[in-house]
Amino acid sequence: MEINKRNKNKWWKSAVIYQIYPRSFADSNKDGIGDLQGIISNLDYLENLGIDAIWLSPVCKSPQDDNGYDISDYQDIDPMFGTLEDMEELIKEAGKRNIRIIMDLVLNHSSDEHYWFREAKKSKENPYHDYYVWRDGKEGMPPNDMRAAFGGSAWEWVSEVQQYYFHQFSVKQPDLNWENPILRQEIYDMINWWTEKGVGGFRLDVIDQIAKEPDKRITNNGPRLHEFLRELSRETFQKADLVTVGETWGATTELAKLYSNPDNSELSMVFQFEHICLDQIEGKEKWDLAPLPFMKLKEVFKRWQTELYGKGWNSLFWNNHDLPRIVSRWGNDGKYRIESAKMLAILLHGMQGTPYIYQGEELGMTNASYDIEEYRDIETLNVYKERLEKGCMEEDIMRSIHAKSRDNARTPMQWNEEENAGFTEGKPWIKVNPNYKEINASQQVDDEDSIFRCYQELIRLRKSYPVFTEGDFQMLFMEDENIFAYAREDETLQLLVVCNFYDQTVSCSLEERIASMKLLISNYKDIDQSTLLRPYEARMYLRKK
C-alpha cells in the first residue's frame, strides 16, 4: 500500500476516514444484523467515495450489553459479525483498494463476561482480581455516591469477594485497573497481535478515563494518564505505521497538544467534543436541549484550528455512532436538506485535520423520530425510565430523545428503495428510517448534484491541494451571526470557505476576497458570484499566490 511520501509515516494527515457501525451497515446472511461480509460486499462503494480508511465500531466478541463496547474477548470476532477469518478477509480486501482498517478498542473497561473478570470475582487472591478496580465495603453501602454514565451507582457489590467493583458505564462493564503493569502488558500484546494481522490503526474508546482515581472522584484526565499513554504508544503504536485517535470528552487544546504531539509520543489525534456539547443547557445533561450558540461554535472551531496549528492535529467530525445526524441537528432536514448537508460538509472539510465521515452522512441521512418501544440504545431507554420516575413530562422526554438519542445514528444504512432500504432481507435489528425511499445511495452515486458527489469531490480536493493539510487558519467575519467563513494559506496557495449557516438569504462582502480566485466547489448549481448568500449556501475558492 502506497503512503503519501510528503507525509511519510503520517499518511493520516491527508486521509479521510469513514466510520462504519457494523450492526447497521449491511447484512449478508439475512439475520437482520449487519456483518463483516456485508462490509466486504460494499467496499467498492467506499473506494468510489474515495476514503482512505474505515474506522470499524467494535466487532470483538461481546454480550452486546452496550452494542459491542463491552468486550468479552479482544482477540476474537463476535459471531453476529462473522469470524476471525472474515476479519482477515476484510483487512485483505480493503487493502487491495488502498483502504486501511481501523479497529475500535475499548481499553477502559471490559465485559463482566470476559475471562479476566470471571476469574477476578472468584477471590481476592486470584491473579486476575487486580485487573479491575475494587474497594472494600458493606452491601448496600457503596464506597461513595459516584454515578455511572448510564444511570445508577458506579459501584456494584460482588458477594463472593465482599467488595464493590467500579464501573463508569453499564454494570456489565467493569473498569480495568491500569495501575497494574501485568494488565497493561496483556493489552500491549493484544494490540501488537492485531497490528501483525494488518490493522491500520485504532480508535481508543474513552481513553482519557484509564487513569481514574475513584477515591478522589477523578474519572478522566487522571494524574498518570499521559504516562500510561506514552508507555502504550512506545510498546505498540510506534512499532508500525498506524493512525491512532483517542476519544477524549474532557480534552482542552492544551491537553490535545500532549495527546497529538508531533513527536508521536502518544496518539495521532483525539476526538474532542467541545463543539458537540454546545446545544445543551450549560452544566446539564445532553438531554437538556438548548439552541446552538452559533457565535460560540465559531469561537470553538477558531481556537482548535489556531492553537493546534504546528503543535498537534485535529480530527474533524460532525457525526458518529453516539451522536444525532448533523443535518437534523444543525442543518435543515426538510426543505433544505440537500443544501444544508453539503454546506456542513464544505465547512468542515476545508479545515486542517483528518475528516471523519459517519456512514450515511455522505447521503444526508436524518434523525429518526420513533416511539420509545422502537429504540434499542441502553442509554436512551435508561433516561426515559429515569426521567419518567422523576416526574418529567413524557412529551418533553421524547423531544429530547428524538433530538439526541444515539439510535439516530444507528438506524440501518439506506442503500436503495427496496424493502428495508436494501440493508437486509431479514427483520432489521432496529427499525429502518421510513424516509429511505427518498434518501438512499443508489439514487445518489450517479447523480452529479447529490450529497454523495459533494463528499466525493471534497475528498478529491483534499488530496489535490496541500493547503488543506498544511495551511494555517484565519477566521473571517467573526462577528457575523449568520456566516461561517475562513481562509487557509500555505506557501503557494490560498483557500477561502464561505458558508451561510441558516435558511435566510444574507449579504456578504466578497468582491475583493474572491477576485482572481477559482471556485472549487459549491452547493448551488448556478453561482453568480454575487454578494448574496442564499439559504445554507456554501462556496470554496482557491488562488495561487
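**Strands, a buried histidine and salt bridges**

In this predicted model, Leu493 of one strand finds its bridge partner in strand S20, namely Lys544. The strand that carries Leu493 is S16, and S16 is joined to S20 (residues 538–544) by seven bridges, with the two running antiparallel. S16 also has strand S15 (residues 483–489) as an antiparallel partner, again through seven bridges. Within that second pairing, Ala485 sits opposite Val498 of S16. The link between S15 and S16 is short on paper: the two make a hairpin with three residues between them.

How much of S16 is buried? Eight of the eight residues in S16 (residues 493–500) are buried, so the strand is largely enclosed by the rest of the structure. Both faces are covered. On one side the buried set is Leu493, Leu495, Val497 and Cys499, and on the other it is Gln494, Leu496, Val498 and Asn500. Val498, the residue facing Ala485 across the hairpin, thus belongs to the same side as Gln494.

Elsewhere, three strands make up an open sheet, ordered S6-S8-S7, with antiparallel pairing. Strand S6 (134–136) and strand S7 (155–158) are the edges, each pairing on one side only. From one strand to the next, the twist averages 35°. S7 and strand S8 (residues 163–166) run antiparallel and are held by four bridges; one pair to look at is Glu156 with Tyr165, its bridge partner in S8.

The loop between helix H4 (115–120) and S6 is where His129 is found. Is His129 buried or exposed? Its relative accessible area is 8%, and since buried means under 20%, His129 counts as buried. Leaving aside residues up to four places away in sequence, His129 touches Ala120, Ser123, Lys124, Trp134, Val161 and Gln163. Among these contacts, Trp134 falls in the edge strand S6 (134–136), while Gln163 falls in S8 (residues 163–166).

Now for the charged pairs. Side chains of opposite charge can pair when their charged atoms come close. The count for this model comes to 49 salt bridges. One of them joins Arg100 to Asp241, with the closest N and O atoms 3.7 Å apart. Arg100 belongs to strand S5 (residues 100–106) and Asp241 to the loop between helix H6 (225–235) and strand S10 (243–247), so this pair ties together parts that are 141 residues apart in sequence. Arg100 is buried at 11% relative accessible area, whereas Asp241 is partly exposed at 24%.

Two other pairs involve residues with nearby numbers. Lys122 and Glu119 form a salt bridge in which the closest N and O atoms are 2.7 Å apart. Here Lys122 is exposed, at 53% relative accessibility, but Glu119 is buried, at 14%. Arg399 and Asp396 meet in a salt bridge of 2.8 Å, N to O. Both lie in helix H12 (residues 394–404), three residues apart, or about one turn of the helix. Arg399 is partly exposed with a relative accessible area of 43%, and Asp396 is likewise partly exposed at 38%.

Which residues are linked in a network of salt bridges? The network takes in Asp66, Lys286, Asp322, Asp377, Glu379, Arg406 and Arg410.

Methods
Residues numbered from 1 in each chain as written. Predicted model: local features only at pLDDT ≥ 70, side-chain atom pairs only at ≥ 80, totals over all residues. Heavy atoms only, no water. Pairing = 2+ DSSP bridges. Axes fitted to C-alpha atoms, helices over the stretch in contact; angles between N-to-C directions. Buried < 20%, exposed > 50% of the residue type's maximum accessible area, 1.4 Å probe, protein only. Contact = heavy atoms within 4.5 Å. Salt bridge = Lys/Arg side-chain N within 4 Å of Asp/Glu carboxyl O.
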